[in-house]
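Dear colleague,

Please find below the structure that I am handing over to you. My findings follow directly after it.

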Amino acid sequence: MAKFQGGGPKSSTGTEVKNAIMTGVSYMLPFVIAGAVIMGIARIGASMYGIDNIWDASHEQAASLVVQMLHKFDGFGGLALSLMLPIVAGYISFAIANKPGIAPGMVGGLLASNLGTGFLGALAAGFVAGYVVRLLTAKIKLPRSLASAGPIFILPVGGTLLTCIIMAFVIGTPLAALNRGMEAWLLTMSGTNKIILAAVVGGMVGFDLGGPVNKAAVTTAMALLASGIYDPNTAAQVAIIIPPIGLGVATLIWKHRFPESLQEAGKASTLMGLIGVSEGAIPFALANPKIIIINVVGTATGAAMAVGLGAVNHAPISGFYGWLAVDGWPVYVLSIAVGSAIVALGSLLVFRQSTLSGNKVEKVSAPAPKFKVSR
(Lines give C-alpha, C1' and ligand atoms only; values in the text may rest on other atoms or scores of the structure.)
Protein backbone atom coordinates (compact mmCIF):
# COMPACT_ATOMS: atom_id res chain seq x y z
CA MET A 1 0.00 0.00 0.00
CA ALA A 2 1.22 3.47 -0.86
CA LYS A 3 1.22 5.19 2.50
CA PHE A 4 0.01 8.75 2.93
CA GLN A 5 2.89 11.13 3.52
CA GLY A 6 2.63 14.20 5.72
CA GLY A 7 3.29 17.67 4.45
CA GLY A 8 6.86 18.26 5.62
CA PRO A 9 9.32 17.46 8.39
CA LYS A 10 7.87 16.34 11.69
CA SER A 11 7.29 19.20 14.13
CA SER A 12 6.33 19.44 17.78
CA THR A 13 2.69 19.01 18.76
CA GLY A 14 2.41 22.65 19.81
CA THR A 15 3.80 23.87 16.51
CA GLU A 16 1.54 21.52 14.58
CA VAL A 17 -1.55 22.72 16.44
CA LYS A 18 -0.63 26.37 15.92
CA ASN A 19 0.07 25.87 12.21
CA ALA A 20 -3.17 23.95 11.75
CA ILE A 21 -5.23 26.71 13.35
CA MET A 22 -3.53 29.39 11.27
CA THR A 23 -4.08 27.35 8.10
CA GLY A 24 -7.78 27.01 8.90
CA VAL A 25 -8.15 30.70 9.70
CA SER A 26 -6.26 31.81 6.58
CA TYR A 27 -8.58 29.78 4.33
CA MET A 28 -11.63 31.00 6.23
CA LEU A 29 -10.85 34.72 5.99
CA PRO A 30 -11.70 35.21 2.28
CA PHE A 31 -15.19 33.83 2.92
CA VAL A 32 -15.65 36.06 5.96
CA ILE A 33 -14.36 39.16 4.20
CA ALA A 34 -16.43 38.53 1.07
CA GLY A 35 -19.58 37.92 3.09
CA ALA A 36 -19.09 40.85 5.44
CA VAL A 37 -18.28 43.34 2.68
CA ILE A 38 -21.28 42.26 0.58
CA MET A 39 -23.53 42.55 3.63
CA GLY A 40 -22.00 45.94 4.37
CA ILE A 41 -22.77 47.15 0.85
CA ALA A 42 -26.36 45.96 1.24
CA ARG A 43 -26.85 47.62 4.62
CA ILE A 44 -25.21 50.90 3.69
CA GLY A 45 -27.35 51.00 0.53
CA ALA A 46 -30.47 50.18 2.53
CA SER A 47 -29.75 52.97 5.00
CA MET A 48 -30.08 55.45 2.13
CA TYR A 49 -33.69 54.30 1.82
CA GLY A 50 -34.25 54.59 5.57
CA ILE A 51 -34.18 50.80 6.04
CA ASP A 52 -32.30 49.35 9.01
CA ASN A 53 -33.40 45.71 8.66
CA ILE A 54 -32.70 44.89 5.04
CA TRP A 55 -32.30 41.22 6.00
CA ASP A 56 -36.00 40.96 6.90
CA ALA A 57 -37.97 38.73 4.52
CA SER A 58 -40.58 41.43 3.96
CA HIS A 59 -38.15 43.32 1.72
CA GLU A 60 -38.13 40.47 -0.78
CA GLN A 61 -41.41 41.82 -2.14
CA ALA A 62 -40.54 45.53 -1.78
CA ALA A 63 -41.92 47.96 -4.34
CA SER A 64 -38.43 49.18 -5.18
CA LEU A 65 -36.28 46.85 -7.27
CA VAL A 66 -33.19 48.38 -5.68
CA VAL A 67 -34.42 47.42 -2.20
CA GLN A 68 -35.17 43.89 -3.44
CA MET A 69 -31.65 43.66 -4.85
CA LEU A 70 -30.11 44.93 -1.61
CA HIS A 71 -32.09 42.29 0.28
CA LYS A 72 -30.64 39.65 -2.04
CA PHE A 73 -27.14 41.04 -1.53
CA ASP A 74 -27.53 40.73 2.23
CA GLY A 75 -28.54 37.12 1.75
CA PHE A 76 -25.51 36.48 -0.46
CA GLY A 77 -23.24 37.85 2.25
CA GLY A 78 -24.92 35.76 4.90
CA LEU A 79 -24.47 32.67 2.75
CA ALA A 80 -20.73 33.31 2.50
CA LEU A 81 -20.48 33.84 6.26
CA SER A 82 -22.37 30.59 6.92
CA LEU A 83 -19.39 28.72 5.46
CA MET A 84 -17.07 30.06 8.16
CA LEU A 85 -17.18 27.05 10.52
CA PRO A 86 -17.06 24.27 7.87
CA ILE A 87 -14.13 25.96 6.11
CA VAL A 88 -12.02 26.53 9.22
CA ALA A 89 -12.61 22.93 10.37
CA GLY A 90 -11.95 21.50 6.92
CA TYR A 91 -8.62 23.23 6.49
CA ILE A 92 -7.44 22.53 10.02
CA SER A 93 -7.97 18.90 9.13
CA PHE A 94 -6.23 19.46 5.78
CA ALA A 95 -3.16 20.86 7.57
CA ILE A 96 -2.94 17.66 9.62
CA ALA A 97 -3.99 14.94 7.16
CA ASN A 98 -3.71 16.56 3.72
CA LYS A 99 -6.50 16.24 1.12
CA PRO A 100 -8.26 13.19 2.63
CA GLY A 101 -8.94 15.29 5.73
CA ILE A 102 -10.90 18.04 3.97
CA ALA A 103 -14.28 16.29 3.66
CA PRO A 104 -14.35 14.91 7.24
CA GLY A 105 -13.27 18.31 8.59
CA MET A 106 -15.88 20.29 6.67
CA VAL A 107 -18.70 17.93 7.54
CA GLY A 108 -17.55 17.97 11.17
CA GLY A 109 -17.51 21.78 11.12
CA LEU A 110 -21.03 21.88 9.68
CA LEU A 111 -22.18 19.46 12.38
CA ALA A 112 -20.50 21.65 15.02
CA SER A 113 -22.55 24.58 13.74
CA ASN A 114 -25.76 22.56 13.90
CA LEU A 115 -24.96 21.35 17.42
CA GLY A 116 -24.49 24.91 18.65
CA THR A 117 -20.88 24.45 19.69
CA GLY A 118 -19.77 27.61 17.89
CA PHE A 119 -16.20 28.31 16.85
CA LEU A 120 -14.74 26.10 19.59
CA GLY A 121 -16.67 23.13 18.21
CA ALA A 122 -15.40 23.84 14.70
CA LEU A 123 -11.81 23.89 15.96
CA ALA A 124 -12.40 20.59 17.76
CA ALA A 125 -14.01 19.07 14.66
CA GLY A 126 -11.02 20.04 12.55
CA PHE A 127 -8.54 18.42 14.91
CA VAL A 128 -10.69 15.32 15.41
CA ALA A 129 -11.06 14.86 11.67
CA GLY A 130 -7.38 15.44 10.97
CA TYR A 131 -6.09 13.01 13.55
CA VAL A 132 -8.77 10.40 12.77
CA VAL A 133 -7.80 10.43 9.10
CA ARG A 134 -4.10 10.31 10.00
CA LEU A 135 -4.78 7.29 12.25
CA LEU A 136 -6.77 5.51 9.54
CA THR A 137 -3.96 6.19 7.10
CA ALA A 138 -1.43 4.57 9.41
CA LYS A 139 -3.56 1.55 10.36
CA ILE A 140 -5.37 0.53 7.17
CA LYS A 141 -3.34 -1.64 4.83
CA LEU A 142 -4.64 -2.20 1.33
CA PRO A 143 -3.41 -4.37 -1.52
CA ARG A 144 -1.55 -2.42 -4.17
CA SER A 145 -4.42 -2.93 -6.61
CA LEU A 146 -6.79 -1.08 -4.24
CA ALA A 147 -4.34 1.58 -3.05
CA SER A 148 -6.02 4.35 -5.06
CA ALA A 149 -9.31 3.75 -3.22
CA GLY A 150 -7.78 4.87 0.09
CA PRO A 151 -7.56 8.65 -0.35
CA ILE A 152 -10.73 9.02 -2.46
CA PHE A 153 -13.07 6.53 -0.75
CA ILE A 154 -11.98 4.83 2.46
CA LEU A 155 -10.35 7.80 4.21
CA PRO A 156 -13.05 10.40 3.42
CA VAL A 157 -15.93 8.01 4.20
CA GLY A 158 -14.39 6.48 7.31
CA GLY A 159 -13.01 9.79 8.52
CA THR A 160 -16.34 11.60 8.07
CA LEU A 161 -18.33 8.88 9.85
CA LEU A 162 -15.95 8.65 12.81
CA THR A 163 -15.66 12.44 13.11
CA CYS A 164 -19.44 12.84 13.17
CA ILE A 165 -19.83 10.06 15.76
CA ILE A 166 -17.24 11.65 18.05
CA MET A 167 -18.72 15.12 17.63
CA ALA A 168 -22.33 14.03 18.11
CA PHE A 169 -21.94 11.54 20.95
CA VAL A 170 -18.73 12.46 22.79
CA ILE A 171 -17.64 16.11 22.68
CA GLY A 172 -20.56 17.93 21.06
CA THR A 173 -22.75 18.23 24.17
CA PRO A 174 -20.00 19.42 26.57
CA LEU A 175 -18.73 21.95 24.02
CA ALA A 176 -22.25 23.25 23.38
CA ALA A 177 -22.75 23.68 27.13
CA LEU A 178 -19.39 25.46 27.45
CA ASN A 179 -20.27 27.71 24.52
CA ARG A 180 -23.66 28.61 26.02
CA GLY A 181 -22.08 29.30 29.41
CA MET A 182 -19.44 31.58 27.90
CA GLU A 183 -22.10 33.39 25.89
CA ALA A 184 -24.26 33.91 28.97
CA TRP A 185 -21.31 35.23 30.98
CA LEU A 186 -20.22 37.67 28.27
CA LEU A 187 -23.76 38.84 27.63
CA THR A 188 -24.10 39.77 31.32
CA MET A 189 -21.07 42.04 31.08
CA SER A 190 -22.05 45.67 30.87
CA GLY A 191 -20.80 49.09 31.81
CA THR A 192 -17.36 49.07 33.42
CA ASN A 193 -16.84 45.32 32.96
CA LYS A 194 -17.43 45.58 29.24
CA ILE A 195 -14.99 48.47 28.93
CA ILE A 196 -12.33 46.60 30.91
CA LEU A 197 -12.76 43.54 28.67
CA ALA A 198 -12.36 45.73 25.58
CA ALA A 199 -9.24 47.36 27.00
CA VAL A 200 -7.67 43.98 27.76
CA VAL A 201 -8.43 42.64 24.27
CA GLY A 202 -7.14 45.86 22.70
CA GLY A 203 -3.94 45.81 24.72
CA MET A 204 -3.26 42.18 23.80
CA VAL A 205 -3.73 42.95 20.11
CA GLY A 206 -1.32 45.87 20.27
CA PHE A 207 1.31 44.04 22.30
CA ASP A 208 3.10 41.90 19.71
CA LEU A 209 1.55 42.91 16.36
CA GLY A 210 0.59 39.58 14.87
CA GLY A 211 2.45 37.43 17.41
CA PRO A 212 1.02 34.78 19.76
CA VAL A 213 -0.63 37.23 22.19
CA ASN A 214 -2.21 39.15 19.33
CA LYS A 215 -3.44 35.97 17.67
CA ALA A 216 -4.89 34.63 20.92
CA ALA A 217 -6.99 37.78 21.36
CA VAL A 218 -8.10 38.03 17.73
CA THR A 219 -8.92 34.32 17.39
CA THR A 220 -10.99 34.37 20.57
CA ALA A 221 -12.85 37.47 19.39
CA MET A 222 -13.59 35.80 16.06
CA ALA A 223 -14.78 32.67 17.85
CA LEU A 224 -17.35 34.69 19.77
CA LEU A 225 -18.71 36.21 16.55
CA ALA A 226 -20.30 32.89 15.67
CA SER A 227 -22.24 33.14 18.94
CA GLY A 228 -23.49 36.67 18.29
CA ILE A 229 -21.12 38.32 20.80
CA TYR A 230 -19.54 41.34 19.13
CA ASP A 231 -17.80 43.49 21.74
CA PRO A 232 -14.50 41.54 21.80
CA ASN A 233 -14.38 41.63 17.99
CA THR A 234 -15.10 45.36 17.97
CA ALA A 235 -12.24 45.90 20.40
CA ALA A 236 -9.86 43.68 18.43
CA GLN A 237 -10.61 45.22 15.03
CA VAL A 238 -10.13 48.76 16.35
CA ALA A 239 -6.85 47.77 18.00
CA ILE A 240 -5.41 46.01 14.94
CA ILE A 241 -5.02 49.19 12.93
CA ILE A 242 -4.13 51.76 15.59
CA PRO A 243 -0.32 51.12 15.83
CA PRO A 244 0.45 51.14 12.09
CA ILE A 245 -1.72 54.20 11.45
CA GLY A 246 -0.44 56.08 14.50
CA LEU A 247 3.22 55.42 13.76
CA GLY A 248 2.79 56.05 10.05
CA VAL A 249 1.15 59.41 10.70
CA ALA A 250 3.91 60.29 13.19
CA THR A 251 6.57 59.79 10.53
CA LEU A 252 4.67 62.15 8.24
CA ILE A 253 4.08 64.93 10.79
CA TRP A 254 7.36 64.72 12.74
CA LYS A 255 9.60 63.37 10.02
CA HIS A 256 12.81 64.70 11.59
CA ARG A 257 12.27 62.52 14.68
CA PHE A 258 12.75 59.29 12.77
CA PRO A 259 15.72 57.82 10.90
CA GLU A 260 15.39 57.53 7.14
CA SER A 261 14.67 53.82 7.29
CA LEU A 262 11.64 54.36 9.53
CA GLN A 263 10.46 57.29 7.44
CA GLU A 264 10.17 54.88 4.53
CA ALA A 265 8.60 52.21 6.75
CA GLY A 266 6.07 54.79 7.92
CA LYS A 267 4.67 55.23 4.42
CA ALA A 268 3.99 51.51 4.16
CA SER A 269 2.76 51.39 7.75
CA THR A 270 -0.02 53.91 7.14
CA LEU A 271 -1.28 52.02 4.10
CA MET A 272 -1.07 48.67 5.87
CA GLY A 273 -3.01 50.09 8.81
CA LEU A 274 -5.79 51.36 6.57
CA ILE A 275 -6.24 47.91 5.04
CA GLY A 276 -6.10 46.19 8.42
CA VAL A 277 -2.58 44.76 8.68
CA SER A 278 -1.01 45.38 12.10
CA GLU A 279 2.42 44.10 11.02
CA GLY A 280 3.10 47.48 9.43
CA ALA A 281 4.22 48.71 12.85
CA ILE A 282 6.78 45.92 13.37
CA PRO A 283 9.82 47.89 12.05
CA PHE A 284 9.26 50.52 14.75
CA ALA A 285 9.11 47.87 17.49
CA LEU A 286 12.31 46.33 16.17
CA ALA A 287 14.06 49.71 16.08
CA ASN A 288 12.99 50.59 19.64
CA PRO A 289 10.98 48.06 21.71
CA LYS A 290 9.86 50.84 24.07
CA ILE A 291 7.20 51.72 21.51
CA ILE A 292 5.37 48.52 22.51
CA ILE A 293 4.24 50.23 25.72
CA ILE A 294 2.84 53.14 23.70
CA ASN A 295 1.11 50.73 21.33
CA VAL A 296 -0.58 48.90 24.20
CA VAL A 297 -1.81 52.16 25.75
CA GLY A 298 -3.15 53.43 22.43
CA THR A 299 -4.87 50.19 21.44
CA ALA A 300 -6.40 49.64 24.88
CA THR A 301 -7.74 53.19 24.95
CA GLY A 302 -9.17 53.05 21.42
CA ALA A 303 -10.78 49.65 21.97
CA ALA A 304 -12.33 50.64 25.31
CA MET A 305 -13.63 53.88 23.85
CA ALA A 306 -15.27 52.17 20.86
CA VAL A 307 -17.03 49.53 22.96
CA GLY A 308 -17.89 51.93 25.78
CA LEU A 309 -19.54 54.40 23.39
CA GLY A 310 -21.60 51.69 21.71
CA ALA A 311 -19.89 50.93 18.39
CA VAL A 312 -20.50 47.37 17.17
CA ASN A 313 -18.46 45.66 14.45
CA HIS A 314 -20.28 42.51 13.32
CA ALA A 315 -17.47 41.20 11.10
CA PRO A 316 -13.75 40.45 11.53
CA ILE A 317 -12.80 43.33 9.24
CA SER A 318 -10.57 46.14 10.46
CA GLY A 319 -9.76 47.85 7.14
CA PHE A 320 -11.34 51.13 6.07
CA TYR A 321 -13.58 49.34 3.55
CA GLY A 322 -15.60 47.93 6.46
CA TRP A 323 -15.91 51.03 8.63
CA LEU A 324 -19.23 52.27 7.25
CA ALA A 325 -20.84 48.89 7.92
CA VAL A 326 -20.15 49.21 11.66
CA ASP A 327 -23.08 50.16 13.88
CA GLY A 328 -22.18 53.57 15.27
CA TRP A 329 -19.39 54.04 12.73
CA PRO A 330 -18.67 57.72 13.61
CA VAL A 331 -17.79 56.64 17.17
CA TYR A 332 -15.80 53.70 15.77
CA VAL A 333 -13.72 55.94 13.49
CA LEU A 334 -13.28 58.51 16.29
CA SER A 335 -11.95 55.75 18.58
CA ILE A 336 -9.43 54.71 15.93
CA ALA A 337 -8.37 58.33 15.55
CA VAL A 338 -7.95 58.80 19.33
CA GLY A 339 -5.94 55.59 19.72
CA SER A 340 -3.78 56.47 16.71
CA ALA A 341 -3.18 59.97 18.11
CA ILE A 342 -2.01 58.49 21.41
CA VAL A 343 0.46 56.25 19.55
CA ALA A 344 1.63 59.10 17.32
CA LEU A 345 2.20 61.50 20.22
CA GLY A 346 3.65 58.77 22.41
CA SER A 347 6.18 57.93 19.71
CA LEU A 348 7.74 61.34 20.32
CA LEU A 349 8.83 60.08 23.74
CA VAL A 350 10.54 57.08 22.17
CA PHE A 351 12.00 58.36 18.93
CA ARG A 352 14.04 61.52 19.47
CA GLN A 353 16.40 63.26 17.10
CA SER A 354 19.01 63.66 19.84
CA THR A 355 19.18 59.92 20.47
CA LEU A 356 19.17 58.97 16.82
CA SER A 357 21.64 61.47 15.39
CA GLY A 358 24.68 59.94 17.00
CA ASN A 359 23.91 56.35 16.25
CA LYS A 360 23.56 54.47 13.03
CA VAL A 361 20.22 52.81 12.86
CA GLU A 362 20.06 49.65 10.86
CA LYS A 363 17.61 49.90 8.01
CA VAL A 364 14.41 48.05 8.74
CA SER A 365 12.03 47.39 5.90
CA ALA A 366 8.31 47.00 6.36
CA PRO A 367 7.16 43.44 5.73
CA ALA A 368 4.91 42.80 2.77
CA PRO A 369 1.21 42.87 3.66
CA LYS A 370 -0.07 39.46 4.76
CA PHE A 371 -3.75 38.94 5.41
CA LYS A 372 -3.62 36.95 8.63
CA VAL A 373 -5.96 36.48 11.81
CA SER A 374 -4.71 39.66 13.38
CA ARG A 375 -4.64 41.60 10.17
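A residue is called partly exposed here when its relative accessible area lies between the limits for buried, under 20%, and exposed, over 50%. Lys72, with a relative accessibility of 42%, is therefore partly exposed. Please note that the model is a predicted one.

Overall architecture

The protein has 14 helices and 0 strands, so that its pattern along the sequence is an unbroken series of α elements. Of its 375 residues, 47% are buried. When contacts between residues at least 6 apart in sequence are considered, 76% of them join residues at least 24 apart. The accessible surface amounts to about 17,400 Å², and carbon and sulfur atoms account for 68% of that area.

Salt bridges

The structure contains 4 salt bridges, among them the three described here.

Arg134 and Glu16 meet through their side chains, with an N to O distance of 2.6 Å. This pair connects distant parts of the chain, since Arg134 belongs to helix α5 and Glu16 to helix α1 (residues 13-47), 118 residues apart. Arg134 is partly exposed, at a relative accessible area of 32%, whereas Glu16 is buried, at 18%.

Lys72, introduced above, pairs with Glu60, and their closest N and O atoms are 3.8 Å apart. Because Glu60 sits in the loop between α1 and α2 (65-81) while Lys72 is in helix α2, this salt bridge ties together parts that are 12 residues apart in sequence. Glu60 is also partly exposed, with a relative accessibility of 35%.

Lys194 and Asp231 form a further salt bridge, in which the closest N and O atoms are 3.9 Å apart. Here, too, distant parts of the chain are linked: Lys194 lies in helix α7 (residues 192-208) and Asp231 in helix α9, 37 residues apart. Both residues count as partly exposed, Lys194 with a relative accessible area of 25% and Asp231 with 21%.

The nonpolar core and a surface patch

Which residues touch the most other members of the largest nonpolar core? They are Met28 and Val205, in a core of 55 residues. Helix α9 (residues 231-253) gives the most to this core, contributing 10 residues. Leaving out residues up to four places away in sequence, Met28 touches Met84, Ile87, Val88, Phe119 and Met222.

At the surface, Leu161, Leu162, Ile165, Phe169 and Val170 make a nonpolar patch of about 510 Å². Val170, one of these residues, is in helix α6 (residues 149-188).

Thr117 and its surroundings

Thr117 is located in the loop between α4 (102-115) and α5 (118-139). Is Thr117 buried or exposed? Its relative accessibility is 0%, and Thr117 therefore counts as buried. A polar atom of the Thr117 side chain lies 2.9 Å from the backbone oxygen of Ala112. With neighbours within four places in sequence set aside, the contacts of Thr117 are Ala112, Ala122, Gly172, Leu175, Ala176 and Asn179.

Gly172 also appears in a C-alpha distance involving Asn114: the two residues are 58 apart along the chain, and their C-alpha atoms are separated by 10.0 Å. Asn114 is part of helix α4 and, at 62% relative accessibility, counts as exposed.

Further individual residues

Asn98 has a phi near 65°, which is a positive value in a residue other than glycine. Asn98 lies in the loop between α3 (84-97) and α4 and is partly exposed, with a relative accessible area of 28%.

Ile152 is found in helix α6. At 68% relative accessibility, Ile152 counts as exposed. The C-alpha atoms of Ile152 and Pro100 are 7.0 Å apart, although 52 residues separate the two in sequence.

With kind regards

Note on methods:
Residues numbered from 1 in each chain as written. Predicted model: local features only at pLDDT ≥ 70, side-chain atom pairs only at ≥ 80, totals over all residues. Heavy atoms only, no water. Helix = DSSP H or I, 4+ residues; strand = E, 2+ residues; numbered from the N terminus. Buried < 20%, exposed > 50% of the residue type's maximum accessible area, 1.4 Å probe, protein only. Polar contact = N/O pair within 3.5 Å; in protein donor to acceptor, adjacent residues only side chain to side chain. Contact = heavy atoms within 4.5 Å. Core = buried A, V, L, I, M, F, W, Y, C linked by side-chain atoms within 4.5 Å. Patch = residues over 30% accessible without salt bridge, like charges linked within 9 Å, V, L, I, M, F, W, Y side chains within 5 Å. Areas by Shrake-Rupley, 256 points an atom, 1.4 Å probe, with all protein chains shown as cover.
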